[in-house]
Amino acid sequence: MKKLIAAASLCVASFSVQAAIVVPEYDVNAGQKIAETVCAACHGLNGVSIVPAQPNLGGQNVKYLYKQLVNFKAGYRKNGIMQSQVANLSQQDLANVAGYYSSQASWGVGYGNPATNQAATKLFLGGDKSRGVIGCAGCHGPDAAGNTWAAFPKLGGQHAQYISTQLKLFRAAGRVDDIASDDQKRVNDAAKEGEMGMMQTVASKLSDNDIRILADYVSAIH
């Protein structure tokens with residue numbers, strides 16, 4: 001019986017992170033109360049983080065926010081702090097928090113690097129066919145506003161440090177022989193089980209310089 005329960009639990013976790021994203025009806029006021037006590041220290045009560053290593057959340061795609069919180073709770077996305085923060089939250093709590101932050105005014109923009117703007121623009125919009133790098137704009141839009149229906153996140157104006165870190169985590173997951181530790185990788189859903197998701201595939205081809213100039217560029221685009 002215990003084995004059956006464990007198997008069922010795994011199925012629920014797998015369904016939660018892999019299935020199509022349907023955000024439960026949420027309560028913004030309830031989400032605010034949770035944000036005040038659990039989230040605000042890192043992400044700001046209004047979703048604007050003063051810590052460059054932590055992402056801004058205000059005005060972000062609600063499907064994306066909910067999906068990431070579900071992934072943290074299920075352990076599909078690894079981050080010790082986030083996993084501990086959501087451990088005692090229910091699925092409804094996660095929806096409420098996602099709904100609250102998505103209802104806030106969107107964050108502003110940072111400062112790009114004029115010296116690398118041209119190269120970064122080319123890479124972001126068109127990629128680099130010679131290296132098999134796909135342009136970021138195909139999924140995130142030319143203004144990095146994301147895609148609400150597909151739950152692709154808004155990137156424009158996000159902290160460059162955070163963007164850089166996430167690209168390196170995706171890259172580590174895409175280079176299977178690079179880093180063995182799962183907590184130093186980030187994955188996203190693939191079309192089929194056992195295959196790499198789009199972000200791992202794309203990031204695996206990025207150099208350190210690519211990541212640096214893209215992070216600077218994204219932080220200023222709007």
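Which residue just after H6 takes a positive phi? In this predicted model, that residue is Gly127, with a phi of about 70 degrees. The helix before it is a handy place to start.

Helix H6 runs over residues 117-126, and Ala120, Leu123 and Phe124 are its buried members. These three cover an arc of only 95 degrees around the axis, so they end up on the same side of H6. Turn to the other side of the helix and the picture flips: Gln118 and Lys122 are exposed there. As for what sits over the buried residues of H6, the cover includes helix H7 (137-140) and helix H10 (208-220). H10 keeps turning up in what follows.

Next come the charged pairs. Searching the whole structure turns up three salt bridges. One of them joins Asp128 to Arg131, with 2.9 Å between the closest N and O atoms. Neither partner is fully tucked away: Asp128 is partly exposed at a relative accessible area of 22%, and Arg131 is partly exposed as well, at 34% relative accessibility. Arg131 also meets the side chain of Asp210 in a salt bridge, at 2.7 Å from N to O. Since Asp210 lies in helix H10 and Arg131 in the loop between H6 and H7, this pair ties together parts that are 79 residues apart in sequence. Asp210 itself counts as buried, because its relative accessibility is 7% and the cut-off for buried is under 20%. Put together, Asp128, Arg131 and Asp210 are linked in a network of salt bridges.

Another salt bridge pairs Asp208 with Arg171, the closest N and O atoms again being given as 2.7 Å apart. This one links distant parts of the chain too, with Asp208 in helix H10 and Arg171 in helix H8 (residues 160-174), 37 residues apart. On the H8 side, Arg171 is buried, since its relative accessible area is 11%.

That brings up how H8 and H10 pack. Their axes come within 8 Å and cross at roughly 140 degrees. The two helices are therefore oblique to each other, because only angles over 145 degrees count as roughly antiparallel. As for handedness, H8 passes H10 in a right-handed crossing. From H8, the residues at this meeting are Ala160, Ile163, Ser164, Leu167, Lys168 and Arg171, and from H10 they are Asp208, Ile211, Ala215, Asp216, Val218 and Ser219. The salt-bridge partners Asp208 and Arg171 are thus among the residues that H8 and H10 bring together.

One last residue of H10 deserves a look: Arg212, which lies in that helix. With a relative accessibility of 39%, Arg212 counts as partly exposed. Setting aside neighbours within four places in sequence, its contacts are Asn113 and Thr116. Thr165 is 47 residues from Arg212 in sequence, while the C-alpha atoms of the two are 9.8 Å apart in space.

Notes
Residues are numbered from 1 along each chain as its sequence is written. This is a predicted model: local features need pLDDT of at least 70, side-chain atom pairs count only at pLDDT 80 or more; totals for chains, interfaces and linings use all residues. Side-chain values use heavy atoms; hydrogens and water are left out. Buried means under 20% relative accessible area, exposed over 50%, partly exposed in between (1.4 Å probe, protein chains only). Helices (H or I, at least four residues) and strands (E, at least two) are DSSP runs, numbered from the N terminus. The arc is that of the directions from the helix axis to the C-beta atoms. Contact means heavy atoms within 4.5 Å. A salt bridge is a side-chain nitrogen of Lys or Arg within 4 Å of a carboxyl oxygen of Asp or Glu. Axes are lines fitted to C-alpha atoms, for helices over the stretch in contact, and angles run from 0 to 180 degrees between N-to-C directions. Angles under 35 degrees count as roughly parallel, over 145 as roughly antiparallel, 65 to 115 as roughly perpendicular and the rest as oblique. A crossing is left-handed if the near helix is turned anticlockwise from the far one by less than a right angle, and right-handed if clockwise.
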